[in-house]
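Here is a short tour of a structure to go with your morning coffee. Keep the sequence and the 3D view open as you read, and click along as each residue comes up.

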Amino acid sequence: MAIEVQKLNVYIKGNHILKDVSLTLPERQITCIIGPSGCGKSTLLRTLNRLIDTTEGVRVEGKVLVDGTDIIGSGAEIIELRRKIGLVSQRPCPLPMSIFENVAYGCRINKMFKHRRQLVYHVQRKLKEVGLFDEIKGRMRAPATRLSIGQQQRLCLARSLAVQPEYILADEATSALDPISSKTVEDLFVSFKQQYTIVMVTHTLHQALRIADNVVFMYLGEVIETGPASDVFNHPQHELTQRYLSGIFS
Amino acid sequence: MTAGNRILKDRVAHGGMLAMTIVGVLLVAVIAAGLYLKSRAVLDSTSLWTLLCGSEWRPMQGKFGFLPFLAGTLWVTMLSIALALPVSLLTALFLTEYARPVVRKCVFPLLDILAALPSVIYGVWGVLVVVPWISRRLAPLFVDFSTGYTVLAAGIVLGVMVVPLLVSLFIEVFSTIPKELREASLALGATRWQTAWKVVCRKTLPGIMASTVLAISRALGETIAVLMVCGCVIGIPRGVLEPCYPIPALIANNYGEMLSMPLYESALMFAALLLFAVVLVFNLASRIVLNRIGCDNS
Amino acid sequence: MKVSRLKRIRETLAKGMMWCSMLLVFGLLVSVIWTIFSKGMKAMSWDMLLKLPGGGFYIGKEGGFLNAIVGSLYIVGASTLLGLVVSVPVVFFLNVYLKKGSRLAYVARLAFDVLFGVPSIVYGAFGFTVMVYFGLRASLLGGIIVITLLIIPIFIRTMDEATRNFPRDILDASFALGATRWETLKVVVRQIAPGIATAALLSVGRAIGDAASVMFTAGYTDSIPTSLSQPAATLPLAVFFQLSSPIPEVVDRAYAAALVLTVTVLLISIVGRFITTRFSKNKV
């Protein structure tokens, strides 16, 4: 249930965005990808669920093994892959539907339930998992955009969880939130790691310090250093990592 | 030049431009007023109800029932929209959700051309291609004889004419959807089509409807192309294979001869006023919706 | 797995339908252009372009439709110029003099949007009424006035679009140098020149092809008008009138006139594309 990236190269309109990236994302752990902006963190994340395909002029080389199957290559079951890999984006983006329908959307798309009762039950359970159920009980039919930003982000999380993914990718999932909501979402991620393999791009070192089991440090499209969080933070091997961690450049 | 002089110049320019803008805005009112004044004569002689719902058209005896023309207009417009809507929607979805930029770059100029061709050209095309096709191929399957100059011919020609307008409006509307929203759906395992249909179309439903209304109002007023293929037989069409006589065609056809009869002229002006009013309302409504959504082009 | 196969089938189906509608649209375009070209080329000759209708023209004798070409040129040229003179200040006023979010600007834009949607037959009818009121007959002047009214909304909308994305900083820079708003016009005009050109081309395209509005206002004649008060022939009407003739030679001339019209519009479209792609790169 791990993701393995081998010699991944991504070019967008001729620019070499990811250079020979090789790494392993161990299962049931939180892996944080850190690095200065523009270093290819998001691109890496978007390659993992092939959302990169929607980018103009993109070329991907190398291998990404999810559960042992290569997902790059045209034969890959992208749709099934995307179901298996949940995504929480930087800004919460609720679909133009009610709260209930937002969570149910993925289930319907994937035809997960035969009976409506099962669907309702499932949606409620997922909303409970993200701690949203009690807050919005009785407002399930309200448009999702009425929620606060923090609630919206949790809704998006519930929406991702509803299709029963095995992996969760989070692209700076807390950066648009206020500190308190940010903390709530962060705690959710920590509590989820028993069930899911979580890959997180983060812009704050503190967050990575708090929650990461593993850390990947990227710089200008290359993976500079990777390993267990305690090792990387306490004994960085590479000079760039040391300088980044000590805040010389960010 | 002194500063005072320059400021004065600025003020004068300001006034002049303001005046021009206001005149432009007032033009709408002036057109309405002009047409109304002219159609007062017929409104005085015949009740509005008889004008709209009467089907007797005898200008020589002063009987003006617009029902056949209204029915013709309605038939042709609705048919054209029914034909053009699915095609335009699918084309626009294809161009925004599927097509690569290279394809778009090739397709847009072609759409431009389609939009730019004068209506008389479409009329010629209709007479040369659509009408014979209906009369020789299609109509014999259903009726004994048809000249081909039918509601269907007008609907097809008009449909082709509104496609570029609809496509460009739809593309404009779809492009207001942020990329993240599509990705959120894709990331859940939805296919592109599911995303396009359940997210993009759903979110832009008001925009789609407004664009359609705009296209309807364009189709309502189209004159020459329709006039050339509609058959121009007064009567309420009972099917798409019958001739019809829409309002714009009526105005265009009878303008020259009506001058001798004030009441006739007034009736035609009333027809123009009717057209203007409907188009005005449709346009206003759809523009306001489109502006609110945040797309205000084309 | 089963679900994903179902999804894939639907996806393919949808994609197929989209391709079909795309192909249909362009099949129709090809059909229209092909019809006009194949019919028009057969009937086309230098005589058509360079000669006036001779005696017995309408029963298939000698002559061409130079009258319509020249008439169209007169009307289009004059109304484009007039339209430009009226629209540039309005656009400038909307974008520079009025503040962002101004009520008047909103109403004015809405009004021009609505005017843009008014059918040309209504313009024609209205124009005719006004002409009658002033005691004018169908004439070159009437055609010019009505076509000007018709294209002003196009002018304003297209230029407004080009101007609306106008960088506010440039205006501020100009104001900061102590220029009045009027003096800033020069800066703006230079910046939106490609937009003006596109707008002009669009208007020309619309003006040259419009038949319904000039039908009563410009009339039709076999000679080239020598004054504003004489009637003028136009290309679309030449197509329209000759097409309804029972004599094949005359109908052929309609095709030839249609060809001229189509080629003109195609050229305008291509040049317009060229201008937008070529010059929009140099903009700030």
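Let's begin at one residue: setting aside neighbours within four places in sequence, B:Ala271 is in contact with B:Phe66, B:Ile247, B:Leu250 and B:Ile251. Please keep in mind that this is a predicted model. From B:Ala271 we move out to the core, then to the contact of chains B and C, their domains, and finally chain A.

**The nonpolar core**

- B:Ala271 is one of the residues that touch the most other members of the largest nonpolar core, which counts 255 residues.
- B:Val157, B:Val229, B:Ala272, C:Val239 and C:Ala257 share that distinction with B:Ala271.
- Which helix gives the most to this core? Helix H6 of chain B, residues 151-174, does so with 19 residues.

**Where chain B meets chain C**

- The contact draws 69 residues from chain B and 68 residues from chain C.
- On the side of chain B that touches chain C, helix H1 (residues 3-45) of chain B gives the most, with 19 residues.
- Sorted by class, that side of chain B holds 47 nonpolar, 13 polar and nine charged residues.
- For a close-up, try B:Ile121, which lies in helix H5 (residues 119-138) of chain B.
- Not counting residues up to four places away in sequence, B:Ile121 touches C:Val32, C:Ile36, C:Ala258, C:Leu261 and C:Thr262.
- Is B:Ile121 buried or exposed? B:Ile121 has 25 other C-beta atoms within 10 Å, and 20 or more are needed to count as buried, so B:Ile121 is buried.
- Sequence and space can be set side by side here: B:Ile121 and B:Leu214 are 93 residues apart along the chain, and 22 Å separate their C-alpha atoms.

**Domains of chain B**

- The domain assignment of chain B gives domain 1, covering 3-51, and domain 2, covering 68-293.
- Between the C-alpha centres of domain 1 and domain 2 of chain B there are 29 Å.
- Where these two domains of chain B touch, domain 1 supplies 11 residues and domain 2 supplies nine residues.
- H1(B) turns up again here, giving the most to the side of domain 1 of chain B that touches domain 2 of chain B, with 10 residues.
- The residues on that side of domain 1 of chain B are eight nonpolar, two polar and one charged.

**Domains of chain C**

- For chain C, the domain assignment gives domain 1 (2-43) and domain 2 (57-282).
- The C-alpha centres of domain 1 and domain 2 of chain C are 32 Å apart.
- How many residues of domain 1 of chain C are in contact with domain 2 of chain C? Seven residues of domain 1 of chain C are in contact with seven residues of domain 2 of chain C.
- By class, the side of domain 1 of chain C that touches domain 2 of chain C has five nonpolar residues, one polar and one charged.

**Chain A as a whole**

- Chain A contains 10 helices and 10 strands.
- A compact globule with 250 residues would have a radius of gyration near 18 Å, and chain A agrees, with 18 Å.
- Taken along the principal axes, the C-alpha atoms of chain A fill a box of roughly 55 × 40 × 30 Å.
- Of the 250 residues of chain A, 45% count as buried.
- Looking at contacts in chain A between residues at least 6 apart in sequence, 67% join residues at least 24 apart.

**Strand S3 of chain A**

- Strand S3 of chain A, residues 30-34, is mostly covered, with five of its five residues buried.
- A:Ile30, A:Cys32 and A:Ile34 are buried on one side of S3(A), while A:Thr31 and A:Ile33 are buried on the other.
- S3(A) pairs with strand S8 (residues 197-201) of chain A in the parallel sense, over four bridges, and A:Ile30 stands opposite A:Ile198 in S8(A).
- S3(A) is also joined by four bridges to strand S9 (residues 214-219) of chain A, again running parallel; in S9(A), A:Asn214 is the bridge partner of A:Thr31.

**The antiparallel sheet of chain A**

- Four strands of chain A form an open sheet in the order S2-S1-S4-S5, with antiparallel pairing.
- Strand S2 (15-25) and strand S5 (69-70) of chain A are the edge strands, each pairing on one side only.
- Seven bridges link strand S1 (residues 3-12) of chain A to S2(A) in the antiparallel sense, and A:Ile3 has A:Leu25 as its bridge partner in S2(A).

Definitions and conventions: Residues numbered from 1 in each chain as written. Chains lettered and ligands numbered in written order. Predicted model: local features only at pLDDT ≥ 70, side-chain atom pairs only at ≥ 80, totals over all residues. Buried ≥ 20, exposed ≤ 12 C-beta atoms within 10 Å, placed from the backbone. Helix = DSSP H or I, 4+ residues; strand = E, 2+ residues; numbered from the N terminus. Pairing = 2+ DSSP bridges. Nonpolar A, V, L, I, M, F, W, Y, C, P; charged D, E, K, R; others polar. Domains from an automatic or database assignment. Core = buried A, V, L, I, M, F, W, Y, C linked by C-beta atoms within 7 Å. Rg over C-alpha atoms; globule rule 2.2 N^0.38 Å.
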